[in-house]
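Student: I have a model open and would like to talk it through. Can we start with the overall picture and then go to the surface?

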Amino acid sequence: MTTERTQADLWQLFWGALVTRLLAITADLGIADALADGPRPVEELAREAGADRDTLHRVLRALASDGVFAEVAPGVYRNTEASEGLRRGTRWHDFAHLFGGVWHRALGELTATGEPTFELLHGTDFWSWLGEHQDERGAFDRAMSGGWEWKVDQVASAEWRGDELVVDVGGGNGALLIELLRRRPGLRGVVFDLPETTRDEAAFGDRIEFVAGSFFERVPPGDVYVLSTILHDWDDDRSGQILGAIRAAAPDHARLLVVDAVVPPGNEPHGAKFLDLLMLALFGARERDEAQWRALLETNRFEPVRIADGLIEARCR
């Protein structure tokens with residue numbers, strides 16, 4: 001029998017997709033920025049943002065019931081700690097734009113067929129679409145560039161001889177490698193990514209080199225290879241191409257460090273269980289559990305040494 005408590009929980013879950021869209025609306029309108037100096041009436045906010053006053057009030061009222069913004073007097077709103085995170089210049093602003101915008105539409109069409117929905121909606125794959133929409137590319141890059149500190153913690157926690165050459169495959173702007181080498185001064189590094197990657201090579205110093213190329217075709221030689229939240233963007237066939245390119249370049253002593261989630265079994269809550277479905281909708285890709293990681297690595301001539309949530313370690317075989 002469905003209890004009142006269960007009904008309340010289900011209603012809260014139903015609202016989830018709507019809340020995501022409302023966060024995107026307020027982020028795109030810059031409401032959190034407009035409230036940076038304190039409470040303001042919704043009439044002013046709507047006028048400055050070019051929004052309908054009544055609609056904006058209804059949006060803010062709904063979000064305030066979840067602790068995002070707060071109504072301090074009838075029709076007067078202020079920021080909360082949560083809404084402060086939606087100000088422009090934060091990665092959460094860009095995540096709100098993406099989750100409540102183009103990703104929201106792709107997820108809204110998700111079915112149980114296993115087909116990625118993004119290409120069906122847009123007639124092209126996500127990466128090509130980003131290349132054609134520079135504003136969206138900017139939002140994506142900004143969202144992805146933040147929060148890299150935990151990745152450094154994971155990589156730094158591995159055992160290091162101390163003088164290895166580290167190749168960060170798909171290393172982007174090099175932030176992870178810069179910090180890793182700061183913590184371990186004996187290491188040298190290569191940031192390997194597409195030539196159009198935005199980067200500040202002056203920040204690399206004399207111990208890091210940028211090498212341009214596609215990780216589906218070839219990678220530079222090294223002692224340790226890092227794949228930081230790369231493989232979850234690709235299905236097993238394409239992931240196998242990436243791993244194959246690494247294995248072809250890697251000497252037999254080389255190691256592989258994969259920074260990625262390991263989906264836990266059972267009913268344990270874990271964000272990767274939901275992110276997995278975003279990967280499906282956008283790319284036809286997936287988050288992987290331990291057995292899937294083990295199979296992917298072994299198929300592509302890597303022997304798993306440790307599979308833990310956040311860091312998978314393997315050696316060549």
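Student: Among contacts in the protein chain between residues at least 6 apart in sequence, what percentage join residues at least 24 apart?
Tutor: That share is 61%. Keep in mind that this is a predicted model.

Student: How many helices and strands are there in the chain?
Tutor: The protein chain has 16 helices and 12 strands. Its C-alpha atoms fill a box of roughly 70 × 55 × 35 Å along the principal axes.

Student: What share of the residues is buried?
Tutor: Of the 317 residues in the protein chain, 46% are buried.

Student: And the exposed area, how much is it, and what do carbon and sulfur atoms supply?
Tutor: About 16,300 Å² is exposed by the protein chain, and carbon and sulfur atoms supply 52% of that.

Student: Switching to charges: how many positive and negative side chains are there?
Tutor: The chain carries 34 positive and 53 negative side chains. The centres of the two sets lie 3 Å apart.

Student: Back to the surface. Which residues make the nonpolar patch?
Tutor: Leu10, Trp11, Leu13, Phe14, Trp15 and Leu18 make it, and the patch covers about 690 Å².

Student: Which helix gives the largest share of that patch?
Tutor: Helix H1, residues 4–14, which contributes four residues. Leu13 is found in helix H1.

Student: Is Leu13 buried or exposed, and why?
Tutor: Leu13 counts as exposed because its relative accessibility is 65%, and the cut-off for exposed is over 50%.

Terms used:
Residues are numbered from 1 along each chain as its sequence is written. This is a predicted model: local features need pLDDT of at least 70, side-chain atom pairs count only at pLDDT 80 or more; totals for chains, interfaces and linings use all residues. Side-chain values use heavy atoms; hydrogens and water are left out. Patches are made of residues with over 30% relative accessible area and no salt bridge: like charges are joined within 9 Å, nonpolar side chains (Val, Leu, Ile, Met, Phe, Trp, Tyr) within 5 Å. Accessible areas come from the Shrake-Rupley method with a 1.4 Å probe; for residues, only the protein chains shown count as cover. A salt bridge is a side-chain nitrogen of Lys or Arg within 4 Å of a carboxyl oxygen of Asp or Glu. Helices (H or I, at least four residues) and strands (E, at least two) are DSSP runs, numbered from the N terminus. Buried means under 20% relative accessible area, exposed over 50%, partly exposed in between (1.4 Å probe, protein chains only). Contact means heavy atoms within 4.5 Å. Lys and Arg count as positive and Asp and Glu as negative; His and the chain ends are not counted. The place of a charge is taken as NZ of Lys, CZ of Arg, CG of Asp or CD of Glu.
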